[in-house]
Amino acid sequence: MRLTPFALLLLCGAVQAAPDAVSLEQAGVLYEQHCQSCHGVNRLGGAGPALLPESLSRIKPDEARAVIHDGRPASQMAAFGNRLNSAQIDGLVSYLYQPAATPPTWSDTDIRASHRILADLDSLPSTPQHGADPLNLFVVVEAGNHHVRVLDGDRFEELANFPSHFALHGGPKFSPDGRFVYFASRDGWVSVYDLHNLTMIAEIRAGLNTRNLAVSNDGRWVLVGNYLPGNLVLLDARDLSLVKHIPTLGADGTQSRVSAVYTAPPRDSFVVALKDVKEAWELSYAGEPDFEPRRIEAADFLDDFSFTPDYRHLLATSRKALGGQVIDLDTGKAVTDIPLPGMPHLGSGIYWKRNGDWVFATPNVSKGLISVLDLQSWKLIKEIPTEGPGFFMRSHLNSPYAWTDVFFGPNNDAVHLIDKQTLEVAHTLRPMPGKNAAHVEFTNDGRYALLSVWDTDGALIVYDASTLEEVKRIPMNKPSGKYNVGNKIEFAEGTSH
């Protein structure tokens, strides 16, 4: 099991209590004495995760204090409240949230030095060594204890359970044949796992703070998008060896972080959103590619995006703008703005056919509503009220419903099922009252829907997608997401990238 960011702060011995506040300089000395051996010089990470502000952005300082004081259940993070006073804990927390004195770097040499081959792929069988349908496997990210489970999607029984790097991010991606699954952690580790042989093959640290990764439709390449350092890293999909890094510089030379990277199968290309310059990039992987970006000027800074069903247009959102924008990938032009309220999460949006025409629906992370767009006119068809802001939507070609959570706010134990034709909320489920319910994924045939309860004492709940009856409940520690192999490699209707 891998350690939490604060697990090794004081494992080398207790620090003597001090009645006065601990300065940043004193906290830095504590870090060097007790943390550096595992978390690295300049807090870049090592055996333990990186302890940089970018890596800790989703952990509030009060939570960090609580973790140091009380420990973290189901992990190796011990409680140090009986060995440190509040001033020492406050000093360490303040130090960890300070930017490094020297801006961190991660070179090609660093990337190559981190590369580890964990199994000889040539010696492994090329066919599944288990009895489950390889296209109906589920890969479940269990965030509460930093593990991954592999489930048989017909019997809902566990085939494998293994530790992951700290804080997997962006959702796992699959090789086009479904054999390999690729993971990216928030602190830059990329791993490839063989689902035929239930074996980890290789890993490499591609950056210090990673947004997500994508796999080419020919199975040859993995492209990793980083916040820190702001760049793209291209890997050989077979063993994750480094091919090259691609600086993400705007046309004016401005350095940018990467907001998102996805593959566009019909286009044989990767599409990249840049966070700090008004550009989207398309990088072809057809033939023998050079991965030189085709620059597409955007009307605003991009945070995330979805494709239209034909992969011609991007529906892109920016957290600095209201709504989003439509970008035509063929012409390289921004077509129109999308007038949506609040903060739509277009990257989790889904599309389906309504009365024979494609529509697109997106949750909203700041308002309790679902926005439905006409993909011909780009006009807003309807705003569907929900019990609070949401984060994920899912559906399936064989399901009459779009499932959406109410991820934020006091009603986050609710899940709405929206009739895809009437655009009305048809059902509201509360799988475990008082606990956050989110992220639904369907079996490959759409017969069952699997839902996560994001709690330490949470569960993966299997529903009959037609009757909505509960079929099975599998206890888990914050199962943050689950991903069906067949749906993912088919880029199935109702499943996001």
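Aspartate 330 is partly exposed in this predicted model, at 45% relative accessibility. Its salt-bridge partner is arginine 312, and the closest N and O atoms of the two lie 3.5 Å apart. Arginine 312 sits in the loop between strand E17 (304–307) and strand E18 (313–317), while aspartate 330 sits in the loop between strand E19 (324–328) and strand E20 (333–338), so this pair ties together parts that are 18 residues apart in sequence. Like its partner, arginine 312 counts as partly exposed, with a relative accessible area of 32%.

Follow the charges outward and you will find that this pair belongs to a network of salt bridges linking Arg267, Glu282, Arg294, Arg312, Asp328 and Asp330. Within that network, glutamate 282 pairs with arginine 294, with 2.8 Å between the closest N and O atoms. The two come from distant parts of the chain, twelve residues apart: glutamate 282 is in strand E15 (residues 279–284) and arginine 294 is in strand E16 (residues 294–297). Here the acid is buried, because its relative accessibility of 8% falls under the 20% cut-off. Arginine 294, by contrast, is partly exposed at 31%.

In total, the structure holds 21 salt bridges. Another one to look at joins aspartate 152 and arginine 155, again with 2.8 Å between the closest N and O atoms. Aspartate 152 is buried, with a relative accessible area of 4%, whereas arginine 155 is partly exposed at 49%.

Now turn to the helices. The axes of helix H3 (residues 61–70) and helix H4 (residues 86–96) come within 10 Å and cross at roughly 130°. That angle makes H3 oblique to H4, and the crossing is right-handed. On the H3 side, the contact is made by Pro61, Ala64, Arg65, Ile68 and His69; on the H4 side, by Ile89, Asp90 and Val93. Sorted by class, this contact has five nonpolar, one polar and two charged residues. An α-helix has 3.6 residues a turn, so residues three or four places apart point the same way. With that in mind, the spacing of the contact residues along each helix is worth tracing on the model.

How much of H4 is covered? Eight of its eleven residues are buried. The buried set is Ala87, Gln88, Ile89, Gly91, Leu92, Val93, Tyr95 and Leu96.

Further along the chain, strand E23 (residues 369–374) contains serine 371. This serine is buried, with a relative accessible area of 1%. Apart from its neighbours within four places in sequence, serine 371 is in contact with Leu340, Pro341, Phe360, Ala361, Thr362, Leu380, Lys382 and Glu383.

Finally, a few spots in the backbone deserve a visit. Leucine 228 and proline 229 are joined by a cis peptide bond, with omega about -15°. Proline 229 belongs to the loop between strand E10 (221–228) and strand E11 (231–236). Alanine 167 has a positive phi, near 60°, in a residue other than glycine. It lies in the loop between strand E4 (157–163) and strand E5 (173–174), and it is buried at 18% relative accessible area. Lysine 478 also has a positive phi, of about 50°, although it is not a glycine. You will find lysine 478 in the loop between strand E32 (470–476) and strand E33 (479–484), where it counts as partly exposed at 35% relative accessibility.

Terms used: Residues are numbered from 1 along each chain as its sequence is written. This is a predicted model: local features need pLDDT of at least 70, side-chain atom pairs count only at pLDDT 80 or more; totals for chains, interfaces and linings use all residues. Side-chain values use heavy atoms; hydrogens and water are left out. A salt bridge is a side-chain nitrogen of Lys or Arg within 4 Å of a carboxyl oxygen of Asp or Glu. Buried means under 20% relative accessible area, exposed over 50%, partly exposed in between (1.4 Å probe, protein chains only). Helices (H or I, at least four residues) and strands (E, at least two) are DSSP runs, numbered from the N terminus. Axes are lines fitted to C-alpha atoms, for helices over the stretch in contact, and angles run from 0 to 180 degrees between N-to-C directions. Angles under 35 degrees count as roughly parallel, over 145 as roughly antiparallel, 65 to 115 as roughly perpendicular and the rest as oblique. A crossing is left-handed if the near helix is turned anticlockwise from the far one by less than a right angle, and right-handed if clockwise. Contact means heavy atoms within 4.5 Å. Ala, Val, Leu, Ile, Met, Phe, Trp, Tyr, Cys and Pro count as nonpolar, Asp, Glu, Lys and Arg as charged, and the others, Gly among them, as polar.
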